[in-house]
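Visitor: I would like a close look at a single part of this model. Please start with one residue in a helix, then show me what lies around it and how the rest is built.

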Amino acid sequence: MQEKLLNLKNEALAQIMAVRDNNELEKIRVEYLGKNSGKLTLVIKKIPELEPDQKVIVGRFANEVKKMIEDALERQKALLQKEREENIAEAEWIDVTIPGIRPPEGHLHPLTQTLADVISLSRRLGFQIAAGPEIETDNYNFEKVNMPPDSPSRDTQASFYLDPRGSKVQPGEILLRTHTSNMQSRVMEKSKPPLRVLVPGKCYRVDDVDASHNIEFYQFEGFVVDRGISLTDLLGTVDYFLKELIPGTEVKFYATHFDFTEPSVEAYIRCTICGGKGCAYCKNQGWSEVLGSGMIHPHVLKFAGMDPHIYTGFAFGMGLTRLAILRYQLDDIRLLHSLDMRVLEQF
Amino acid sequence: MPLSWLKEFTEFKIPIGELAVKLSEAGLTIEKWEEKEGDTILDPEVTPNRPDLLCAYGTAREIAAVINTKLKAHSDEKKTFSHDYKTRGIPMEIKIINNFALCPRCTAIIVKGVVVKPSPDWLQKRLKQVGLRPINNLVDITNYVMWELGNPLHVFDYDKIRGKKMVVEEARGGEDFRSLDGINYKLPKDAIIIKDLGRVIDLCGIKGGENTAVSQTTRNILLHVPIYNGTRVRRTSQALGLRSDASAIFERGADPGGTVKALYRALQLVLDLGGGTVGSDLIDIKKDEFRPWTVSVSHEQIENLLCIKIDPQGVKEIFKRLELEALEANGVYEVTVPTFRNDLHIPEDLIEEVGRLYGYNRFPKTLPAGVVPIEKVAYSYDTGLDFRVKEILKGAGFGEIYSYSLISADQLVKLGIDPREALKIQNPISHEYEYLRPDLLGNLLEALKTNLPNFTDIKVFELGRIYQGRSLDKYEERYQLAGILNGERFSEAKGIIELIFNDLGIDSQILPAEEANNAWFHPARTAKIPMPKEKNLGYIAELHPNLLTKFGIKGRAVYWELDFDLLKSLAGKVKTYQPITKYPAIIEDLTLAIPDKVLVGDVLDTIKISSKLVNTVKLIASHEENKTFRINYLNPTKNLADAEVAKIRAKILANLKGEFQIKPKEK
């Protein structure tokens, strides 16, 4: 029996040393040491049948053999572990340059992305967002912002009028708003100062469509009404807005004229195309006009039911379309209405 | 505007670039100029409120004010007029019947015995510099004086005026008129005209008539400096699509106080360059005296609105540079405004003058100091939800478009909508942009069509306004959120809607909708999202093959649309935490043979409501009529025993059998 044990030991140790992975080791363990039918276990189970003097000797030897096999298993396991650790780079190399598996990839429109920035910026200054009608009356679009029917300024805001067919509406009474300023009176009539309001939205003007003009475009209009609002508040707010939206730019103010503001101020930024050296885009000025603003005209306040002796305010309007064009360096305004994903997936 | 002309009235040496920047900052934008024959020609952009800047002397006045140089007085008619302008002998007759509503002032004089010939070189050069073609000395003089002083003038051949009568009146509309440059017009209604004996001799403020124009044989002339109603001139000019230098000035408002000066200036030039003698007294028919007016503004008002510290001397200095005479008493300036500055009537107008000459780029910058408004403003709009939904769609692989609100009748017809029942633009620029879109579907179909040649997986959405209504008496502008996918991908579209609803915390059912718009939607592949009160939140539908064919789209497409205003009103429920139960759930799969036309949605509902202990139930596999449902049983308060689950299962099977004759699949 001792010889049998010795053969088992030699056989087991030889097998163990040859094994290269843990599963095989486990199989060998079961083969020899398995609870019910391990080769060694079966031999050990027969020991009680031996003569008493043999029992002790064989029993001790069997235990030694068992221990030796167990140790060999452990050693081999440790060895394999060590080898694996040493070889992991070689064995488990993958090509990390293979392109990733992406989740579905969508795209938000450049105008949405630009508007998101405008809105988060205006919220920081305490502005609330308001939205109003695009189909508007001549009254709110023009008259209430101090642009009476005979104002020559109307020439620059040629309007699309809605066909009054089948209604009681007079021709020329209802139009598509030409600017977001229609919301100044609407909001002021219904809300009391202090007001800090930002109105983004679509506007429409009759125009010859080309690379820099379109009949539909987006604006945002900010206005503030309170006691003691001054021109320096306007300059400071506009300066902050532009420098946040167009990082690194410089801002300059020019006097101008708008019917709905007095005084009226235009903001210019350093040309983003030439950096101020002068180019065709900025008409060699190095500066380009980006925003119109001013102190809300006392007539506009009065038309909306505010007392201009108590309240003053400022308003500024900027083309969201224009801003998106500057940011993304679009060479044609019509790209913003493109339906082609080859254009839109770039953003 | 030639620089040399401006320098006749004010001397300055600063480089042109610097001058342009200074004028632009003060409101007279100069972005372009060109060097031409030793002179610099400026191209100023004059704002509509400043007609006084449409002439050389006014521009020089502005330059002098902005860069603070001295403005030379223009030849004053009383002192420098070198001719005898009193008529000799019997004044020549002219009868002017005026209408003050149309013509608030009319200044005129007759000159007899003039000789028509070419103008001298210096005059011709000036006209060419401002882009005019020299004609003859008399016509050239009127143009020259207009460009110099800003009041438009006209010269009539006196002998051609029939009956020596001039009647200012409104056109009735449709009259024929031939202008001095030989073009025929049909006059629009309400145009201001002058008639002699039955003939229209002047289309006032725009162009003179050929019948009374100066020619080589002209001997006697009537010099005419009128002021016309600007609105009338503007309307007529728009109606005819005809603008002139004169109409541009009248539209914005010619200086009613400047007619006599312009007339004398022209008269002097006529006598100098055309000879002749004065043939009548000065005719000056005017509605009122057109005297300067006063506007008061306090120093406090100026400092409050501008928020700068400026000493009263500085304010007075600025007013003086602008030829505004200011008397100060107790901190209030009483400012006399000359007639050529009709843009200055209220204190704020004067404050702007102080501000722009002080220089806005010298101002400090502040932010509004008051309380940040808390109360929700009227027309308040929550953009947060817009961006949230858009981000979800982006994450689901959708690309966003911004399409035109204006669409063609052709698109409406393809959508099966009668153009007579859509809102229409009266003055469209083309048929392509003539109607307001009543739905986003049409443009999304166009987007699909655009992208089919280049992409295999197309998912596009838009959040935009739609405009619904048959007439302007009753219409609605609403926000719609809609998307399109190529292919037969109903379940994918539905999954996206479920994702949005889950994120926004909206409970909804998505049910079959056989009754939906069959011109658009597939009759058997359309679902609606009904809401209480009969209104649908939206639709998910495979588009009808006929509709796709009309839009020239090959293959199939799935479309979904949501009433975004309604969606927003339902969203915003804050999710609340449910404690994680410590008792284990028991999960088992149940495979059922579902008979034809029995809806899986109903089966799911039936299983779910069979017991409170059914925690969730999902469809996990589907093979022909066999569907496998995974049921998760859970009692949040104790361990579930197998016997309890068996009881629930029995009830589920009984319910399914009772309602739908469904049996478990034989194993």
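Guide: Start at E303(B). This residue sits in helix 10 of chain B, which covers residues 299-306. Keep in mind that the model is predicted. E303(B) has a relative accessible area of 16%. The cut-off for buried is under 20%, so E303(B) counts as buried.

Now follow its side chain. The side chain of E303(B) comes to 3.1 Å from the backbone nitrogen of I310(B). Set aside the neighbours within four places in sequence. E303(B) then has contacts with I308(B), K309(B) and I310(B). I310(B) thus appears twice: as a contact of E303(B), and as the owner of the nitrogen that the side chain reaches.

Look next at C307(B). Its relative accessibility is 37%. Partly exposed runs between the cut-offs of 20% and 50%, so C307(B) is partly exposed. Compare another cysteine, C204(B). Its relative accessibility is 2%, and it counts as buried.

What about disulfides? The whole structure was searched, over all chains, and zero disulfides were found. C204(B) is in none; its nearest cysteine sulfur belongs to C103(B), 7.1 Å away. A disulfide needs two cysteine sulfur atoms within 2.5 Å, so the 7.1 Å between C204(B) and C103(B) does not qualify.

Move along chain B to I553(B). This residue is in a loop, between helix 17 (545-550) and strand 26 (557-563) of chain B. A loop residue can be buried or exposed; which is I553(B)? I553(B) is buried, at a relative accessible area of 6%. Its contacts, leaving aside neighbours within four places in sequence, are L445(B), L448(B), K449(B), L452(B) and L548(B). Take L445(B) from that list. L445(B) and I553(B) are 108 residues apart along the chain, yet their C-alpha atoms are separated by 8.2 Å.

Chain B has many such links across the sequence. Take its contacts between residues at least 6 apart. Of these, 69% join residues at least 24 apart.

Two loop residues of chain B deserve a stop for their backbone angles. Most residues other than glycine have a negative phi. K164(B) is not a glycine, but its phi is positive, about 50 degrees. K164(B) lies in the loop between strand 5 (154-157) and strand 6 (165-170) of chain B. D190(B) also has a positive phi, near 75 degrees, and is not a glycine either. The loop that holds D190(B) runs between strand 8 (184-186) and strand 9 (192-195) of chain B. D190(B) is partly exposed, with a relative accessible area of 29%.

Step back to the whole of chain B. It has 20 helices and 30 strands. Of its 667 residues, 54% count as buried. Its C-alpha trace spans about 130 × 60 × 45 Å along the principal axes. The radius of gyration is 40 Å, while a compact globule of 667 residues would have one near 26 Å. Chain B exposes about 31,100 Å², and carbon and sulfur atoms supply 51% of that.

Chain B has a partner, chain A. Across the interface, 96 residues of chain B are in contact with 102 residues of chain A. The area buried between the two chains is about 8,300 Å², with 59% from carbon and sulfur atoms. Three residues stand out on the chain B side. Y379(B), Y402(B) and L472(B) supply 11% of the area that chain B buries against chain A, more than any other three residues.

Chain A has 11 helices and nine strands. Of its 347 residues, 56% are buried. Its C-alpha atoms fill a box of roughly 130 × 50 × 45 Å along the principal axes. Its radius of gyration is 42 Å; a compact globule of 347 residues would have one near 20 Å. The accessible surface of chain A is about 16,100 Å², and 52% of it belongs to carbon and sulfur atoms.

Finish with the backbone of chain A. Most peptide bonds are trans. The bond from P193(A) to P194(A) is cis, with omega near 0 degrees. P194(A) lies in the loop between helix 7 (182-190) and strand 4 (195-204) of chain A. Another cis bond runs from E262(A) to P263(A), with omega near -5 degrees. P263(A) has its place in strand 7 of chain A, residues 261-270.

Technical notes. Residues numbered from 1 in each chain as written. Chains lettered and ligands numbered in written order. Predicted model: local features only at pLDDT ≥ 70, side-chain atom pairs only at ≥ 80, totals over all residues. Heavy atoms only, no water. Helix = DSSP H or I, 4+ residues; strand = E, 2+ residues; numbered from the N terminus. Buried < 20%, exposed > 50% of the residue type's maximum accessible area, 1.4 Å probe, protein only. Polar contact = N/O pair within 3.5 Å; in protein donor to acceptor, adjacent residues only side chain to side chain. Contact = heavy atoms within 4.5 Å. Rg over C-alpha atoms; globule rule 2.2 N^0.38 Å. Areas by Shrake-Rupley, 256 points an atom, 1.4 Å probe, with all protein chains shown as cover. Buried area = accessible area lost by both parts, 1.4 Å probe.
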